[in-house]
Amino acid sequence: MFNWKMVFLIVFLVTGGCAGIDNSDTRNQSFDVIEPVQAQEVDQDKEPPLQREKPEEVNNGQLAKLYPETVFLSGPTTEKKIALTFDDGPDPRVTGSLLDLLKQESVPATFFLMGARVEAFPQLAKRMSDEGHSIGSHTYWHRPLIELTNDEAEVELQKTNTAIKQAIGKETTLFRPPFGSMNEEKVELMRDLGYSVIIWSVDSEDWKASPPDEIAKEVVDAVRPGSIILHHDGANWNTDLSGTVTAVEQEIKELKEMGYTFVTVPELLNLSGQPQ
Ligand SMILES: [Zn+2]
């Protein structure tokens, strides 16, 4: 049977939509592993564009103060513990080699996955879980939560958690909003659904495809005890994330030398009841 989900996923990847992706930027388009399908193959009725006006986004620091039990930008500053996080995967171009590195370095991380990509690459999600990493939700289609009604948001979250449960055998209560966009209404929805909203305090901006040593230097200079570091192990097909693994390798080496310990987000934030 023709797999529509795969076609939508591939077209989504081709057309972009991932955190921080600036489509006006010129990037290396050297990936030739996966050829995109033509857009006309897609049944446009399946994923209708959003028609609503964009609601106002609220500053995440403000939200963390208003909802300290639900929204987190970083962890306690009393110990030199930090958390590496990776968004927008699983992506076969990056995730496997990243998992190899984390295993070799005995570094646990936290992955915020897109439901559509978990359905496409469940074995990579399973490997993350099997190797001790934490898994969170990043919505099914990487849609900005604040532009959805609460009912639509719940559908995105439920579809993602169904995909995660099928892949790894358990659901997640960790959530990272696509584009980091949140407001009070959506924080209260996430709280009522039992999720913790995990933002970040250090942004690697790895999607800009800067040289790996530059990415690593920016991160290492910005890290403080309790930092939550944002990286990406997935992107649309014409975004070059090939430097991410090299940058992360350098960050791990330098931060270990500085006395930092890497932990998962649930461990950093001491979130009881969260799947590890
Ligand atoms: Zn994202």
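Biologist: I would like to learn to read the strand pairing, so which residue in strand 4 is the bridge partner of F112?

Modeller: In this predicted model, the partner of F112 is G136, which belongs to strand 4. That bridge is part of a wider pairing, since strand 3 (residues 110-113) and strand 4 (residues 134-137) are joined over four bridges and run in the parallel sense.

Biologist: And what pairs with strand 3 over four bridges besides strand 4, and in which sense, parallel or antiparallel?

Modeller: Strand 2 pairs with strand 3, in the parallel sense and over four bridges, and one of the partnerships is that of G89 with L113 in strand 3. The connection between these two strands can be followed as well: strand 2, helix 3 (residues 95-105) and strand 3 make up a right-handed β-α-β unit.

Biologist: How should I read the two faces of strand 3, and are its residues buried or exposed?

Modeller: The general idea is that side chains in a regular strand alternate between the two faces of the sheet. In strand 3, T110 and F112 lie on one side and F111 and L113 on the other, and all of these are buried, so that both faces are covered.

Biologist: Which strand other than strand 3 shows buried residues pointing both ways?

Modeller: Strand 8 (residues 228-232) is such a case, with five of its five residues buried, so this strand is largely enclosed by the rest of the structure. I228, L230 and H232 point one way, whereas I229 and H231 point the other way.

Biologist: Which strands pair with strand 8 in the parallel sense?

Modeller: Strand 2 (residues 81-89) pairs with strand 8 over five bridges, in the parallel sense, and I228 is the bridge partner of A83. Strand 7 (residues 202-203) also runs parallel to strand 8, to which it is joined by two bridges, and here D203 stands opposite L230. Together with helix 8 (residues 212-222), strands 7 and 8 form a right-handed β-α-β unit.

Biologist: Turning to the helices, which residues of helix 3 are buried?

Modeller: With a helix, one asks where the buried residues lie around the axis. In helix 3 the buried residues are T95, L98, L99 and L102; seen down the axis they fall within an arc of 100 degrees, so they line one face of the helix. On the other side, D100 and Q104 are exposed. The buried residues of helix 3 are covered by elements that include strand 2, helix 5 and helix 9 (244-257). Just after the helix, S106 takes a positive phi of about 50 degrees.

Biologist: Which residues does helix 5 bury, and what covers them?

Modeller: L124, A125 and M128 are the buried residues of helix 5 (residues 122-130). They cover an arc of only 100 degrees around the axis, which puts them on the same side of the helix. The face turned away from that buried side carries the exposed residues Q123 and D130. The cover over the buried residues includes helix 3, strand 3, helix 4 (115-120), strand 4 and helix 6 (150-168). After helix 5 comes G132, whose phi is positive, near 90 degrees.

Biologist: Which residues touch the most other members of the largest nonpolar core?

Modeller: They are A125, V197 and I229, in a core of 67 residues. Helix 6 supplies the largest share of this core, namely six residues. Leaving aside residues up to four places away in sequence, V197 touches T70, V71, F175, P177, M182, V187 and M190.

Biologist: Where is N59 found, and is it buried or exposed?

Modeller: N59 is found in the loop between helix 1 (4-15) and helix 2 (60-66). A residue counts as exposed when 12 or fewer other C-beta atoms lie within 10 Å of its own, and N59, with 10 other C-beta atoms within 10 Å, is therefore exposed. The C-alpha atoms of N59 and M182 are separated by 7.8 Å, although these residues are 123 residues apart along the chain.

Biologist: Finally, over which residues does pLDDT stay under 50?

Modeller: Residues 11-51 have pLDDT under 50 throughout, and the model has 61 contacts beyond four places in sequence for them. The protein chain as a whole averages a pLDDT of 84, and 79% of the residues score at least 70.

Key. Residues are numbered from 1 along each chain as its sequence is written. This is a predicted model: local features need pLDDT of at least 70, side-chain atom pairs count only at pLDDT 80 or more; totals for chains, interfaces and linings use all residues. A residue is buried if 20 or more other C-beta atoms lie within 10 Å of its own, exposed if 12 or fewer, and partly exposed in between; C-beta atoms are placed from the backbone. Two strands pair if DSSP finds at least two bridges between them. A crossover is right-handed if, with the strands pointing away from the viewer, the path from the first strand over the helix to the second runs clockwise. The arc is that of the directions from the helix axis to the C-beta atoms. Two residues are in contact if their C-beta atoms, placed from the backbone, lie within 7 Å. pLDDT is the predictor's confidence in each residue, from 0 to 100. A nonpolar core is a set of buried Ala, Val, Leu, Ile, Met, Phe, Trp, Tyr and Cys residues joined through C-beta atoms within 7 Å.
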